[in-house]
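Here is a friendly tour of one protein chain, meant to be read with the structure open beside you. Take a look at the fold, then come back for the details.

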Amino acid sequence: APASATDLGLPASETTAIDTLVPLSVDVRTNGDDISFSGVSRFELVTTGDELTRVSIVPAASGSWTAISTDLRGRGAEWGWSDADLAALAEGVGVAARDDGVASTVSLPSVESAGIDIAAEVNVSTERALQLVYVLSR
């Protein structure tokens, strides 16, 4: 059985945001598989009922659309996002980035891989900055 949130030093039911001093490698261990992210500068751990239920990760690819789309294509092939899903996301991000002064989030559909649900979101800030967030939950 997985360790409880409190055994891991986390609160039983809360969101814990972690901003790192230097970029880190983060491995999320699932049913015997690891999902690895490099260059992580921010992540959040969500606990509910003394269980770790969600991990949100801002990977190194965050920031430029070229890096974000390359990362999504690479992971999408493994996790199950289609070319049509990625094209729709690209179109949505383009529309959002042209909407000056309005913050928005464009998401890929959630997929199941390695025994967990995986989603990806691209946040577009009011200044048109892009942030990729992977959300892994069970």
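Which residues touch the most other members of the largest nonpolar core? They are Phe-37, Leu-72, Trp-81 and Tyr-134, in a core of 32 residues. Please keep in mind that this is a predicted model. The points below start with that core, go on to the aromatic rings and the largest pocket, and finish with some individual residues.

**The nonpolar core**

- Strands and helices both contribute: β1, β2, β3, α1 (65-79), α2 (83-98), β6 (116-124) and β7 each give two or more residues to the largest nonpolar core.
- As background, nonpolar side chains tend to be buried together in soluble globular proteins.
- Phe-37 is a good residue to click on, and its contacts beyond four places in sequence include Leu-24, Ser-25, Val-26 and Val-28.
- Further along the chain, Phe-37 is also in contact with Ile-57, Pro-59, Arg-75, Trp-79, Tyr-134 and Leu-136.

**Aromatic rings**

- Three aromatic pairs turn up in a search of the whole structure.
- In one of them, the ring centres of Trp-79 and Trp-81 lie 5.8 Å apart with the planes at 75°, so this pair is edge-to-face.
- Trp-79 and Trp-81 are both buried.
- Trp-79 also pairs with Tyr-134: the centres are 5.5 Å apart and the planes stand at 90°, so this pair is edge-to-face as well.
- This second pairing links distant parts of the chain, since Trp-79 belongs to helix α1 and Tyr-134 to strand β7, 55 residues apart.
- Like Trp-79, Tyr-134 is buried.
- Taken together, Phe-37, Trp-79, Trp-81 and Tyr-134 make up one aromatic cluster.
- Two of the cluster members described here, Phe-37 and Tyr-134, are also in direct contact with each other.

**The largest pocket**

- The largest pocket holds about 460 Å³ of space.
- Its lining is made of 20 residues, and those closest to the centre are Val-28, Arg-29, Thr-30, Leu-52 and Arg-138.
- Four strands, β1 (14-29), β2 (34-48), β3 (51-58) and β7 (130-137), are the elements that give two or more residues to this lining.
- Sorted by class, the pocket lining has eleven nonpolar residues, five polar ones and four charged ones.

**The loop between β2 and β3**

- Gly-49 and Asp-50 are both worth finding here: Gly-49 lies in the loop between β2 and β3, and Asp-50 is found in that loop too.
- Is Gly-49 buried or exposed? Gly-49 counts as exposed, at 58% relative accessibility.
- Not counting residues up to four places away in sequence, Gly-49 touches Ala-12 and Ser-13.
- The C-alpha atoms of Gly-49 and Pro-11 are separated by 9.5 Å, with their positions 38 residues apart along the chain.
- Asp-50 is partly exposed, with 23% relative accessibility.

**Positive phi angles**

- As a rule, most residues other than glycine have a negative phi.
- Asp-50 has a positive phi of about 65°, although it is not a glycine.
- Arg-128, which is also not a glycine, has a positive phi near 70°.
- Arg-128 sits in the loop between β6 and β7 and is partly exposed, with a relative accessible area of 44%.

**Two more residues to visit**

- Where is Ala-61? Ala-61 lies in the loop between β3 and α1.
- Ala-61 has a relative accessible area of 12%, so it counts as buried, the cut-off being under 20%.
- Beyond its neighbours within four places in sequence, Ala-61 is in contact with Ala-67, Ile-68, Asp-71 and Leu-132.
- Ala-61 and Val-40 are 21 residues apart along the chain, and their C-alpha atoms are separated by 9.0 Å.
- Ser-104 lies in strand β4 (residues 104-107) and is partly exposed, at 26% relative accessibility.
- Leaving aside neighbours within four places in sequence, Ser-104 is in contact with Ala-96, Val-122, Asn-123 and Val-124.
- From Ser-104 to Gly-39 the C-alpha distance is 24 Å, and these two residues are 65 apart in sequence.

How values were computed: Residues numbered from 1 in each chain as written. Predicted model: local features only at pLDDT ≥ 70, side-chain atom pairs only at ≥ 80, totals over all residues. Heavy atoms only, no water. 1 Å grid on protein atoms, 1.4 Å probe; cavity = no way out; pocket = protein on both sides within 12 Å on 5 of 7 lines; lining within 4 Å. Points joined across faces, edges and corners; volume = space filled by probe spheres on them. Nonpolar A, V, L, I, M, F, W, Y, C, P; charged D, E, K, R; others polar. Core = buried A, V, L, I, M, F, W, Y, C linked by side-chain atoms within 4.5 Å. Buried < 20%, exposed > 50% of the residue type's maximum accessible area, 1.4 Å probe, protein only. Contact = heavy atoms within 4.5 Å. Phe/Tyr/Trp six-rings, centres within 6.5 Å; stacked < 30°, edge-to-face > 60°.
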